[in-house]
Amino acid sequence: MNTIYLDQSTTIITLLLTSLAFAAIGIVYSRGKLSINSYLNADRSIGKRSLTASLVASCFGVWILIGPSEAATWGGLGAIIGYGLGQALPFLAFITIGQRMRKIMPNGNTLTQFVLIRFGKAMFRLVLLLTIMYMFVYFAAEVTAIAKVVNLMSGFPLWQTSLVIIVSTLSYTLYGGLRASIFTDKIQFIIIMILLIFAINHIFNSGNNDFSMDLINEKAGTLMSGKYFYGYTAGLTFFIAVFATNLFDQGVWQRVFAAKSSDDLRKGFMSAFFIVIPFMLVLGFFGILSVSVDKAADPSTLFFTLLLEPFTGINSLLTISILILVLALVISSMDTLINALSSTITIEGNKFISLKNKNSYLTLSKYLICGLSVIVFLIASKGYSVLFMFLFADLLCCAAVFPIFYGMFKGDVDEKLSLISVIIGLISGLLLFPNQTFDKSILIGGLFSAEAFPIWISTALLFWSFILATFTPMITVMLFKKNSNFNFSKIKTSIKE
């Protein structure tokens with residue numbers, strides 16, 4: 001029988017009160033401030049402090065309590081560093097690419113608007129597909145994760161948690177848009193920072209976990225070793241995958257265009273980097289600590305295993321606090337994803353269907369988001385794993401990242417070359433992309449026997465698939481780029497407010 005950390009009556013009260021509180025705050029704040037521009041880009045009025053809080057809260061989903069530490073249990077220090085830098089460094093990258101985008105497309109709202117004009121319809125459809133796919137998978141992963149965490153803590157049914165979270169977040173996000181999302185992010189940021197620091201301090205200082213460097217070296221020495229090959233491959237894989245996908249995150253691009261000025265963008269994103277990186281490294285290190293104290297039997301729940309005790313005495317307050325923390329983490333990232341999906345459909349819907357005006361596309365986007373939410377609910381209520389879908393979406397982003405962002409600054413790559421380079425990246429990456437058991441791929445173990453390849457390739461398929469998907473488009477572009485020079489002023493005149 002699983003340990004119950006919180007009784008179900010307390011769980012449902014905390015779940016409902018927290019979710020409804022955020023919904024009420026978002027709805028009340030948005031009253032009288034509703035407009036299409038407010039919904040899509042918060043009237044381009046967000047200052048640096050609000051931007052920092054929103055970026056941190058929206059990127060800190062419940063996955064931060066699961067992913068980095070789980071990866072560390074087999075990838076060691078390399079996985080921790082790669083995961084941390086992959087999540088944090090995009091904020092520094094966005095200072096450069098965000099300011100560039102605001103300069104060449106000051107009235108823009110999405111990356112896909114730029115891609116359509118710069119690279120044409122074929123690349124636009126591809127990037128739109130991978131952007132929506134990534135956000136949908138992330139949406140499903142967050143709801144599934146919170147449902148599983150609440151079930152772990154109290155035995156509460158997966159479908160009930162999923163339903164409460166989805167309905168409450170949809171209610172204020174589809175009503176108030178980006179402005180409501182950013183305002184609630186500020187409150188969620190404060191809650192997350194306080195409770196996350198409290199939880200980390202409790203793990204280190206409660207006396208429930210007997211940590212020591214001698215014990216770590218004895219039980220998890222390999223994971224700490226600089227000679228651990230899989231640490232390097234894991235670290236580089238996580239870095240490439242997480243970094244690339246973050247560059248296609250429409251939630252982040254919305255905040256790029258919502259910033260009040262380029263100076264606010266620079267300071268907001270820089271501050272977010274310095275807040276995110278230490279938390280990522282510490283949370284990842286818990287994976288190694290859990291191995292050293294024999295609490296890594298289930299890597300996906302080891303943070304909670306280190307932290308929680310059965311529901312008695314003072315631990316009831318601790319457990320309620322952790323439940324509020326995971327709810328704030330999930331809702332802050334979910335409202336960003338919902339609004340990002342909605343804004344993408346609103347802006348790009350006219351490329352596929354003809355309606356009266358932008359408000360009609362906004363209404364259509366809300367219906368479509370509700371439809372997608374039903375699918376997410378079905379996935380989360382069954383507790384299905386979306387890891388494989390996540391990795392596949394990551395691979396798509398890796399293949400497209402260099403041609404698009406190189407072409408944001410340079411005019412010597414045309415529509416045809418950019419599309420061919422992405423296709424080459426996808427094919428080469430997919431040939432080595434592993435199956436769900438990670439022991440073979442189309443090329444290795446499929447078309448050819450795994451024994452025909454060196455062990456350092458056949459046992460690291462995910463790593464090599466991401467390497468090929470990322471670098472073959474880069475090589476293709478650099479070898480075949482032309483002397484033509486794209487006129488970037490065309491973008492500014494084509495995109496109107």
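The legends below describe an overview and several close-up views of a predicted protein model.

Residues are numbered from 1 along each chain as its sequence is written. In this predicted model, local features need pLDDT of at least 70 and side-chain atom pairs count only at pLDDT 80 or more, while totals for chains, interfaces and linings use all residues; side-chain values use heavy atoms, with hydrogens and water left out.

**Figure 1. Overview of the predicted model, with 19 helices and zero strands.**
Helices (H or I, at least four residues) and strands (E, at least two) are DSSP runs, numbered from the N terminus. The radius of gyration is 23 Å, which agrees with the value near 23 Å for a compact globule of 497 residues; the radius is taken over C-alpha atoms, and the globule rule is 2.2 Å times the number of residues to the power 0.38. Along the principal axes, the C-alpha atoms fill a box of roughly 65 × 65 × 40 Å. Of the 497 residues, 58% are buried (buried means under 20% relative accessible area, exposed over 50%, partly exposed in between, with a 1.4 Å probe and protein chains only). Contact means heavy atoms within 4.5 Å. Among contacts between residues at least 6 apart in sequence, 86% join residues at least 24 apart.

**Figure 2. Surface and charge of the protein.**
The protein exposes about 19,800 Å², and carbon and sulfur atoms supply 66% of this area. Accessible areas come from the Shrake-Rupley method with a 1.4 Å probe; for residues, only the protein chains shown count as cover. There are 34 positive and 23 negative side chains, and the centres of the two sets lie 16 Å apart. Lys and Arg count as positive and Asp and Glu as negative, whereas His and the chain ends are not counted. The place of a charge is taken as NZ of Lys, CZ of Arg, CG of Asp or CD of Glu. Side chains of opposite charge can pair when their charged atoms come close. The structure holds six salt bridges, a salt bridge being a side-chain nitrogen of Lys or Arg within 4 Å of a carboxyl oxygen of Asp or Glu.

**Figure 3. The salt bridge between Asp-43 and Arg-179.**
The closest N and O atoms of Asp-43 and Arg-179 are 2.8 Å apart. Asp-43 lies in the loop between helix H2 (36-41) and helix H3 (48-59) and Arg-179 in helix H7 (residues 158-205), so the pair ties together parts that are 136 residues apart in sequence. Asp-43 is partly exposed, at 38% relative accessible area, whereas Arg-179 is buried, at 16%.

**Figure 4. Backbone of Ala-42 and Asp-43 in the loop between H2 and H3.**
Most residues other than glycine have a negative phi, and most peptide bonds are trans. Ala-42 has a positive phi, near 55 degrees. The phi of Asp-43 is also positive, near 60 degrees. Ala-42 is buried, with a relative accessibility of 0%.

**Figure 5. Asp-185 and its surroundings in helix H7.**
A salt bridge joins the side chains of Asp-185 and Arg-255, at 3.2 Å from N to O. The two residues are 70 apart in sequence, with Asp-185 in helix H7 and Arg-255 in helix H10 (residues 250-258), and the pair links distant parts of the chain. Asp-185 is buried, at a relative accessible area of 0%; Arg-255 is also buried, at 0%. Not counting residues up to four places away in sequence, Asp-185 touches Ala-53, Ser-54, Ala-57, Ser-58, Arg-255, Ser-332, Asp-335 and Thr-336.

**Figure 6. A network of salt bridges linking Asp-263, Arg-266 and Lys-267.**
The side chains of Arg-266 and Asp-263 meet at 2.7 Å, N to O. These two residues are three apart in helix H11 (residues 262-292), and are separated by about one helical turn. Arg-266 is partly exposed, with a relative accessible area of 36%, and Asp-263 is partly exposed at 35%.

**Figure 7. Asp-412 in the loop between helix H15 (387-406) and helix H16 (415-432).**
Asp-412 is buried, at 15% relative accessible area. The C-alpha atoms of Asp-412 and Asn-485 are separated by 5.3 Å, although the residues are 73 apart along the chain. Leaving aside neighbours within four places in sequence, Asp-412 is in contact with Arg-118, Tyr-406, Lys-481, Lys-482 and Ser-484.
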